[in-house]
Amino acid sequence: MSGDATDNRTAPQRRKLIEVAMPLEAINKESAREKSIRHGHPSTLHLWWARRPLAAARAVLFAQLVDDPSSHPDRFPTEEDQKRERARLFDLIERMVPWEATRDERIMREVREEIARSCGGNPPPVLDPFAGGGTIPLEAQRLGLEAHASDLNPVPVLINKALIEIPPKWAGHKPISPDAEIRGDWSGVSGLAEDVRQYGKWMREEAFRRIGKHYPKARLADGTEATVIAWLWARTVTCPNPACAAEMPLVSTWWLSKKKNRLRWIEPIVEGNDIRFAIRDGKEGPPDPPKRGRGAKFACLVCGEVTADAYIKGEGVAGRMGSTLLATVAEGKRQRVYLEAAPEHVRAAAVDRPADVPDQPLAEDPRNLWCVNYGLTSMDRLFTHRQLVSLTTASDLVSEVRERVVCDAVAAGMQLEDASAYGDAVTVYLGCLVSAVADDMSTICSWRTSHGTGATRSTFARQALPMVWDYAEANPFGGAAGDLETAVVSIGRTIDALPAIRPALASQEDATQIEFSGGQVVSTDPPYYDNIGYSDLSDFFYVWLRRTLGAVYPDIMSTILAPKQAELIASPYRHGGSKEKAEHHFERGFIETFTRIREGHPAEFPLTIFYAFKQSETDDIDGTASTGWETMLNGLMEAGLMVTATWPVRTERAGRSIGIGTNALASSIVLACRPRPATAETTDRRGFLSRLRKELPKALRELQQGNVAPVDMAQSAIGPGIAIYSRYAKVSEADGTPMRVRRALALINDVLGEVLSEQEGDFDMHTRWCVKWFEQFQWSPGGFGDAETLSKAYNTSVRGLEESGVIKSGDSKVELIKPTVLPPGYDPLSDVRVSVWEFAVHLSRTLERSGVEEAGELLARVRSRGGVDDDSIRELAYLLYSICERNGWSESGQWFNNLVSSWSDMQASARLAEKHGINTPRPAQLHFEAVHGDDTGKTHGDEQLF
């Protein structure tokens, strides 16, 4: 550890909201929903991998800067006061995270004012040193903060310039294109967006004039012509059988469309040594494709011989791999038309390779670039010659557009210097346009047979460059993916939606070398150990951006390919295949970066880190643990930081059929961190466990009050647990060795289970009996004698439990009544004897069967009935979920997870029902034992009755 963490900072450290509670369900819901939003979303400007959701980044930044109510005991002296204020802040976050709120100035103004109140009217600037796709800097700008973005890789630097740096410079400017739409309001950056659309439209028209002849229309059966959407090709090699030597199509599927009632497929017809391809339809479907199993094994359609993987690789590396046209896809009346290959279309594709094309080598990254093994070893080999003609034409036209923009801007009254800067601005977005087209127009693109109408799949349908055997060549003038016009419309919508409310800066920096001394609060999304080879993949875009925009940003694009060696990932192939050296490179760079951040970070605020961990390895001692996760936590602590909170952020909505184990993996974890005091003490295992057992119960209740879903509770509890571990300079095992992070995580999980079990003591006796029975039998029957024995321990009886409606018995067996078979129409107002268990299972049944609104109405009646508070029902759901998770009872676990996840919505529905009025309980309700005596034959007892 270098330097003292807090010696030169004496500002008070008020706990921020993110360090106490977060409305995770609302954040995760909107984060998942955001994946289906395309129009105007910044992800449509330019592809970048592993983007964090805007909703999550916005909420995290807000909670990172806004005080938790517990920081102001003068204003919120009691826990109830703090809970109410927290609920108000949660409500603001819940209104802020939907996509629609980004254009609602009333909500965003309220959010900015709330941040300003916690920051003394002077919010700090925000820096993301691993800016990537620009999510965090963009949302910082939207929140009215001064945004700074930096990255080592030139591609994300350009993305961030386009998102946050360029737009504020041209906010409020009218468009200068002579063809621009005529209107009075050009607020925001709508003028810039309009110019990008108009000059992009000119690019498309000019490109068609120059190269449209290479993209002929298709002739339909009735003699009419139709625009081609895509040409479907298969790579070919010569059959290795000397007696055959036929051209082998390397086809992985013959399907064209699997849409119901529109089944289409290819039938290969062998005629001697030649093969032609007919279009068929019908339920019988196509024959088996030539591809055999995994790897590159293919059967010859003529002789039947199956190639070895090595043969296909050898032919590819030797440059002897060809291609054959399988079919043409044209635009019909509200449907795709599949046509057999025509000779004129084969001839149209036979163009010469342009001279000035990017031909830089692809990295030999075995994890992500698989196509290299088959001869696609340089950038130009990822494209057909016709695709290279299209892309070089588009790239050249961007330079011509810049000259037109400058001339039109001067004619519109701009000074030459401003006109030149504006020309650069428009050019940047059109450079992104070329990138977007490249992603949709390479030989790594394939045809989506299950798409509604049929469509091409982009190059980066996954975070890799795989080998695609049968590829789809999109028509850049086809009006679909790959068309310049389609792409420019999408980019224009994105620009229109940008906030552009404060100046911002995007720069190229190595995070390990940045001097964090500007009072900037850091929120960042660093590389994830070895998950993604960003620079290797981004070279695909970089070579085209450099060709197109190199003259605009010569400093950023000074290298032939994106920087590699300094990139902060654990990639063994860059270290001679050594996994140990790769891990050391990642860990030392991580520590160096976060040590610098710690030394310059303002003490008033925590820093926040998004971290995804999907890779894992098995440890014989501690079981399966994530290497990247452990390395990252170790790095943070060695950098002198302590973790004060962890929150799971999900971008996938789990369906009811998904098991708990699958559902439990969050897309990423958000950590809040602060500098560890230089005077931090050491402790041993016993001391660590003692602090866990003392502090975790209160932290757990705060998490439960925030309605953290049970499926996320274990991960969320890591925050307060690892906060205890990381506040010590060292935690020692019994033998004196340092405790490993994964061992600390295991102990935290153990204590979490203890705390959840201890909450059982707060429940009524009926509920406690039900919990113990559930642990043993779930919903299955158990022996009557066992049930009766257990009932004595809780001062109740099987008869009383049965009459209260939570169990059924017969044939010397007893079983809990499953929520799904509970009778409808339950009314707590007319129930004589109730329990937390009974309310929980009836609420779960109503939620699953009838939805949130009716469940909320039932909750209102439970409240009116009295005797059980909301927190008890919610705590029971947490406990039952943890029991289900331990036992692998996924269906039951999902019921209780859903109950907590929907709690906020149920409470809102309950408040509405209470506002409109509900029936009150009958006055002077008779106690059960006044009529029947109690379960043991006594006239009264210790059993809690409501």
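In this predicted model, strand S7 (residues 255-257) runs antiparallel to strand S8 (residues 264-271), and the two are joined by two bridges. One residue to look up here is Trp-255, whose bridge partner in S8 is Trp-265. Six residues lie between the strands of this hairpin, and among them Asn-261 adopts a positive phi near 70°.

Strand S8 also pairs with strand S9 (residues 274-281), again in the antiparallel sense, and here the pairing extends over eight bridges. Within this pairing, Pro-268 finds its bridge partner in Phe-277 of S9. The hairpin of S8 and S9 has two residues between the strands, and Gly-272 takes a positive phi near 70°.

Turning to the helices, H7 covers residues 190-211, a run of 22 residues. From the first C-alpha to the last, helix H7 reaches 31 Å, which is close to the 32 Å expected at 1.5 Å a residue. Most of this helix is covered, with 16 of its 22 residues buried.

A final site of interest is Ser-578, which sits in the loop between helix H13 (534-549) and helix H14 (579-600). Ser-578 has a relative accessible area of 17% and therefore counts as buried, the cut-off being under 20%. The side chain of Ser-578 also makes a polar contact, reaching the backbone nitrogen of Lys-581 at 3.0 Å.

Methods
Residues numbered from 1 in each chain as written. Predicted model: local features only at pLDDT ≥ 70, side-chain atom pairs only at ≥ 80, totals over all residues. Heavy atoms only, no water. Helix = DSSP H or I, 4+ residues; strand = E, 2+ residues; numbered from the N terminus. Buried < 20%, exposed > 50% of the residue type's maximum accessible area, 1.4 Å probe, protein only. Polar contact = N/O pair within 3.5 Å; in protein donor to acceptor, adjacent residues only side chain to side chain. Expected span 1.5 Å × (residues − 1). Pairing = 2+ DSSP bridges.
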